[in-house]
Amino acid sequence: MAQLDSTAAWGGQHERVAGMIPARGRIPAIDFDALGGVDLDRLERSIQLDARRVGDGRYHVRGGSHDHWVDLYSTSHPRCDCGDHLWREQLCKHILAALLREGNDRVVSALGRLYARLKGLPHAA
């Protein structure tokens with residue numbers, strides 16, 4: 001399988017990623033409860049975005065007014081370069097798009113609540 005060189009995307013740090021399959025069992029260190037859970041408005045906007053994996057937990061997210069870069073596992077720098085995440089310190093639509101692509105249980109389970117809200121159904125507990 002071809003390798004992806006993500007050097008330019010990550011500030012010159014050299015990394016080659018074969019296959020681009022996330023590490024099994026690796027979970028982003030995100031405290032959903034401290035952040036108020038998954039915001040359904042942001043989740044709805046995240047569904048329309050194109051999140052392309054460029055490394056282990058690293059994504060190039062397109063579809064909004066600007067492209068953004070997300071890193072789900074590093075805590076040494078911001079997880080997303082967008083203003084919503086940097087200034088409001090919330091899970092932005094770009095991070096949610098990447099978490100959906102990773103199959104994060106907490107974000108995927110919020111899709112049911114989003115569907116119920118959009119269809120006007122009673123909220124499930």
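In this predicted model, arginine 42 is a residue of helix H1, and its relative accessible area of 12% falls under the 20% cut-off, so arginine 42 counts as buried. When neighbours within four places in sequence are left aside, arginine 42 is in contact with Asp84, Arg88, Gln90, Leu91, Cys92, Lys93 and Leu96. Helix H1 itself spans residues 40–46, and H1 is among the elements that cover the buried residues of helix H3.

The chain as a whole contains 4 helices and 5 strands, which follow one another along the sequence in the pattern β-β-α-β-β-β-α-α-α. Of its 125 residues, 38% count as buried. Among the contacts between residues at least 6 apart in sequence, 54% join residues that are at least 24 apart.

Three of the strands can be described together, since an open sheet is formed by 3 strands in the order E3-E4-E5, with antiparallel pairing. Strands E3 and E5 stand at the edges and have a single partner strand each, so one side of each is left without a neighbour in the sheet. From one strand to the next, the twist averages 30 degrees. In general terms, the strands of a sheet pair through backbone hydrogen bonds, and the pairing may be either parallel or antiparallel.

The pairing can be followed residue by residue. Strand E3, residues 50–55, is joined to strand E4, residues 58–62, by 5 bridges; within this pair, alanine 51 stands opposite valine 61 of E4, and arginine 52 has histidine 60 of E4 as its bridge partner. On the other side of the pairing scheme, 4 bridges join E4 to strand E5, residues 68–71, and these two strands also run antiparallel. Histidine 60 stands opposite tryptophan 69 in E5, while histidine 60 is also the bridge partner of arginine 52.

The two hairpins of the sheet each include a glycine with a positive phi. In the hairpin of E4 and E5, which has 5 residues between the strands, glycine 63 takes a positive phi near 125 degrees. The hairpin of E3 and E4 has 2 residues between the strands, and here glycine 57 takes a positive phi near 75 degrees. Glycine 57, which is found in the loop between E3 and E4, has a relative accessibility of 0% and therefore counts as buried. Apart from residues up to four places away in sequence, glycine 57 touches Val70, Asp71, Leu72, Tyr73 and Glu102. The C-alpha atoms of glycine 57 and arginine 101 are separated by 9.7 Å, although these residues are 44 residues apart along the chain.

Helix H3, residues 93–102, lies across E3, E4 and E5 and runs at about 70 degrees to E3. Because 7 of its 10 residues are buried, H3 is largely enclosed by the rest of the structure. The buried residues of H3 are His94, Ile95, Leu96, Ala97, Ala98, Leu99 and Glu102, and what covers them includes H1, the strands E3, E4 and E5, helix H2 (83–88) and helix H4 (105–119). Just after H3, glycine 103 takes a positive phi of about 80 degrees.

The packing of H3 against H4 was examined next. Two packed helices are described by the angle between their axes and the distance between the axes. For H3 and H4 the angle is about 100 degrees and the axes are 8 Å apart, which makes H3 roughly perpendicular to H4. The contact is made by Leu96, Leu99 and Leu100 on the side of H3 and by Val107, Val108 and Leu111 on the side of H4. When these residues are classified, the contact comprises 6 nonpolar residues, with no polar and no charged ones.

The largest nonpolar core has 24 residues, among which Leu43, Val70, Leu72, Ile95 and Leu99 have the most contacts inside the core. The elements that give two or more residues to this core are H1, E4, H3 and H4, and H3 gives the most, with 5 residues. Leucine 72 illustrates the reach of such contacts: when residues up to four places away in sequence are not counted, leucine 72 touches Pro28, Ala29, Gly57, Tyr59, Arg79, Ile95, Ala98, Leu99 and Glu102. Of these partners, Ile95, Ala98, Leu99 and Glu102 are among the buried residues of H3, and Gly57 is the residue found in the loop between E3 and E4.

Methods:
Residues are numbered from 1 along each chain as its sequence is written. This is a predicted model: local features need pLDDT of at least 70, side-chain atom pairs count only at pLDDT 80 or more; totals for chains, interfaces and linings use all residues. Side-chain values use heavy atoms; hydrogens and water are left out. Two strands pair if DSSP finds at least two bridges between them. Buried means under 20% relative accessible area, exposed over 50%, partly exposed in between (1.4 Å probe, protein chains only). Contact means heavy atoms within 4.5 Å. A nonpolar core is a set of buried Ala, Val, Leu, Ile, Met, Phe, Trp, Tyr and Cys residues joined through side-chain atoms within 4.5 Å. Axes are lines fitted to C-alpha atoms, for helices over the stretch in contact, and angles run from 0 to 180 degrees between N-to-C directions. Angles under 35 degrees count as roughly parallel, over 145 as roughly antiparallel, 65 to 115 as roughly perpendicular and the rest as oblique. Ala, Val, Leu, Ile, Met, Phe, Trp, Tyr, Cys and Pro count as nonpolar, Asp, Glu, Lys and Arg as charged, and the others, Gly among them, as polar.
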